[in-house]
Amino acid sequence: MSEKIALAILGSPHTNGTTAAMLNFAVHKAEQAGYAVTKITLYEKNLSFCTGCRTCMDTHICIQKDDIQEIAPLLHKSQLVILAAPVYWANVPASVKNLFDRLLGTAMEETNTFPKPRLRGKQYMILTSCNTPAPFSGIFGQSRGAIRSMDEFFKTAGMKSAGKVVCANAKNKKELPKRTMKKIERCLK
């Protein structure tokens, strides 16, 4: 039986915040489920901005020599990717958007019609937190925008969702709500 491998990505600058707590809990549960997990924090990585050269469409990886050269192979060898990113202006933080831009050629192949996915057979899980209290975070689309952005990348890459978990009103949380933990657990069963 082959080893189950997961990649956990923290897209928040706050390693002790709600988003990080969600990811840490998901990593713990993934390990309990038998995954070998590699965790990276985007804000600790050296990732230049995409230059739009599109060379990656042929090479399958960005030609800029920085930490994307480490991240792309981890993405390829993982069966599960857990991405945790807070909501910034009803979207993902710039570090996460930049990661998506830099992984263009890794995730998809351009065709004359629709993009051809390069990461089929993998699963992804989205974790996000926002300061807007529920139900307003949903009503006004705060968390929805971030989820849509992350979903678009993974779906275009051909990956299947294992689940999406939102923790609203995060600024007032001292610890993860039990309801949030249960949702994360359900995604990893």
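A salt bridge is taken here as a side-chain nitrogen of Lys or Arg within 4 Å of a carboxyl oxygen of Asp or Glu. By that criterion, D151, K155 and K164 are linked in a network of salt bridges. The model is a predicted one, and the structure holds 7 salt bridges. Within the network, the side chains of K155 and D151 come together with an N to O distance of 3.9 Å, which falls within the 4 Å limit. Both residues belong to helix 7, where a spacing of 4 residues places K155 and D151 about one helical turn apart. D151 has a relative accessibility of 9% and counts as buried, because buried means under 20%.

Two further salt bridges bring us to the loop between strand 2 and helix 2. In one of them, E70 pairs with K45 at 3.0 Å, N to O. E70 sits in helix 3, whereas K45 is found in the loop between strand 2 (35-41) and helix 2 (56-59), so the pair links distant parts of the chain, 25 residues apart. Both partners are partly exposed, E70 at 34% relative accessibility and K45 at 23%.

The other pair is R54 and E110, whose closest N and O atoms are 2.1 Å apart. R54 also lies in the loop between strand 2 and helix 2, while E110 is in the loop between strand 4 (108-109) and strand 5 (116-117); the salt bridge therefore ties together parts 56 residues apart in sequence. Here, too, the partners are partly exposed, with a relative accessible area of 38% for R54 and a relative accessibility of 46% for E110.

Turning to the interior, nonpolar side chains in soluble globular proteins tend to be buried together. In this model the largest nonpolar core has 33 residues, and the members touching the most others are I9, L99, M150 and F154. Two or more residues of this core come from each of strand 1 (4-10), helix 3 (68-77), strand 3 (80-84), helix 4 (94-102), strand 6 (123-129) and helix 7 (142-156). Helix 7 thus contributes to this core and also carries the K155 and D151 pair.

M150 offers a closer view of this packing. Apart from its neighbours within four places in sequence, M150 is in contact with L83, A85, V92, F100, I126 and T128. A second core, separate from the largest one, comprises 24 residues, among them A30, I82, A84 and C167.

Key:
Residues are numbered from 1 along each chain as its sequence is written. This is a predicted model: local features need pLDDT of at least 70, side-chain atom pairs count only at pLDDT 80 or more; totals for chains, interfaces and linings use all residues. Side-chain values use heavy atoms; hydrogens and water are left out. A nonpolar core is a set of buried Ala, Val, Leu, Ile, Met, Phe, Trp, Tyr and Cys residues joined through side-chain atoms within 4.5 Å. Buried means under 20% relative accessible area, exposed over 50%, partly exposed in between (1.4 Å probe, protein chains only). Contact means heavy atoms within 4.5 Å.
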